[in-house]
Amino acid sequence: MKYTYTALFTPTEDGTEYYASVPDLPGCVTTGDDIVDAISQITDAASGWLVVAEDRNLDIPQATPQTNIPHEVGTVLSLICVDTIAYRAQTDTRSVRKNVSLPAWMAALADKRGINCSQVLQDGLTARLSI
């Protein structure tokens with residue numbers, strides 16, 4: 001799924017870091033060394049938050065319009081885009097066994113030619129899922 005939320009970026013008093021949060025995702029907070037790092041960190045944090053919510057079938061909040069988000073003077077508001085399918089592809093690299101059925105002649109020919117059926121399946125699913 002793809003989501004877009006507003007993130008808040010508030011510089012620390014000495015200006016050496018940024019606090020980042022997504023008000024629509026309770027507890028989704030982090031820090032960054034600078035604004036670029038803070039954007040990367042909060043996007044990663046929001047991705048994790050949303051993946052857990054999807055996995056647990058929790059309600060995923062709608063994005064609040066920026067004009068309705070309270071914030072302090074000096075806080076930067078920015079949209080962040082999260083793609084949980086892409087995030088899963090990057091972070092969940094566990095292998096899962098799947099039992100598939102092939103005609104005997106096809107399995108034998110694949111073995112004879114040294115074709116890795118698991119790799120062919122992964123390549124095919126990657127193309128089919130457009131990831």
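The following exercises, each with a worked solution, concern a predicted model.

**Exercise 1. The salt-bridge network**

Determine how many salt bridges the structure holds, and which residues are joined into one network by shared partners.

Solution.
- Step 1. The total comes to three salt bridges.
- Step 2. E54 pairs with R88, their closest N and O atoms lying 3.0 Å apart. E54 belongs to helix α1 (residues 35-55) and R88 to helix α2 (residues 84-91), so this pair ties together parts that are 34 residues apart in sequence.
- Step 3. R88 also meets D55 in a salt bridge, at 2.8 Å from N to O. Because R88 lies in helix α2 and D55 in helix α1, the pair ties together parts that are 33 residues apart in sequence.
- Step 4. With a relative accessible area of 26%, R88 is partly exposed.
- Step 5. R94 and D92 form another salt bridge, with a closest N to O distance of 2.7 Å. R94 has a relative accessible area of 62% and is exposed, whereas D92, at 36%, is partly exposed.
- Step 6. Through shared partners, E54, D55 and R88 are joined into one network.

**Exercise 2. The nonpolar core**

Identify the residues that touch the most other members of the largest nonpolar core, and the elements that each supply at least two of its residues.

Solution.
- Step 1. The largest nonpolar core has 14 residues, of which Y5, V22, L25, I42, A46 and I80 touch the most other members.
- Step 2. Strand β1 (2-11), helix α1 and strand β4 (76-83) each contribute at least two residues to this core.
- Step 3. Take V22 as an example: leaving aside residues up to four places away in sequence, V22 touches Y5, T6, A7, C28, I42, A46 and I80.
- Step 4. As a general background, nonpolar side chains in soluble globular proteins tend to be buried together.

**Exercise 3. The aromatic pair**

Classify the geometry of the aromatic pair formed by Y3 and Y5.

Solution.
- Step 1. The count of aromatic pairs is one.
- Step 2. The ring centres of Y3 and Y5 are 6.4 Å apart and their planes stand at 20 degrees.
- Step 3. Planes under 30 degrees apart count as stacked; the pair of Y3 and Y5 is therefore stacked.
- Step 4. Both Y3 and Y5 are buried.

**Exercise 4. The nonpolar surface patch**

State which residues form the nonpolar patch on the surface, and establish whether M106 is buried, partly exposed or exposed.

Solution.
- Step 1. The patch is formed by I85, V100, L102, W105, M106, L109, L121, L125, L129 and I131, with about 950 Å² of accessible area together.
- Step 2. Helices α3 (104-112) and α4 (117-129) each supply at least two residues of the nonpolar patch.
- Step 3. M106 is placed in helix α3.
- Step 4. The relative accessibility of M106 is 35%, so M106 counts as partly exposed.

**Exercise 5. A positive phi**

Describe the backbone phi of N57, its place and its exposure.

Solution.
- Step 1. Most residues other than glycine have a negative phi.
- Step 2. N57 is not a glycine, yet has a positive phi of about 55 degrees.
- Step 3. N57 is located in the loop between α1 and β4.
- Step 4. N57 has a relative accessible area of 69% and is exposed.

How values were computed. Residues are numbered from 1 along each chain as its sequence is written. This is a predicted model: local features need pLDDT of at least 70, side-chain atom pairs count only at pLDDT 80 or more; totals for chains, interfaces and linings use all residues. Side-chain values use heavy atoms; hydrogens and water are left out. Patches are made of residues with over 30% relative accessible area and no salt bridge: like charges are joined within 9 Å, nonpolar side chains (Val, Leu, Ile, Met, Phe, Trp, Tyr) within 5 Å. Accessible areas come from the Shrake-Rupley method with a 1.4 Å probe; for residues, only the protein chains shown count as cover. A salt bridge is a side-chain nitrogen of Lys or Arg within 4 Å of a carboxyl oxygen of Asp or Glu. Helices (H or I, at least four residues) and strands (E, at least two) are DSSP runs, numbered from the N terminus. Buried means under 20% relative accessible area, exposed over 50%, partly exposed in between (1.4 Å probe, protein chains only). A nonpolar core is a set of buried Ala, Val, Leu, Ile, Met, Phe, Trp, Tyr and Cys residues joined through side-chain atoms within 4.5 Å. Contact means heavy atoms within 4.5 Å. Rings of Phe, Tyr and Trp (its six-membered ring) pair if their centres lie within 6.5 Å; planes under 30 degrees apart count as stacked, over 60 as edge-to-face and the rest as tilted.
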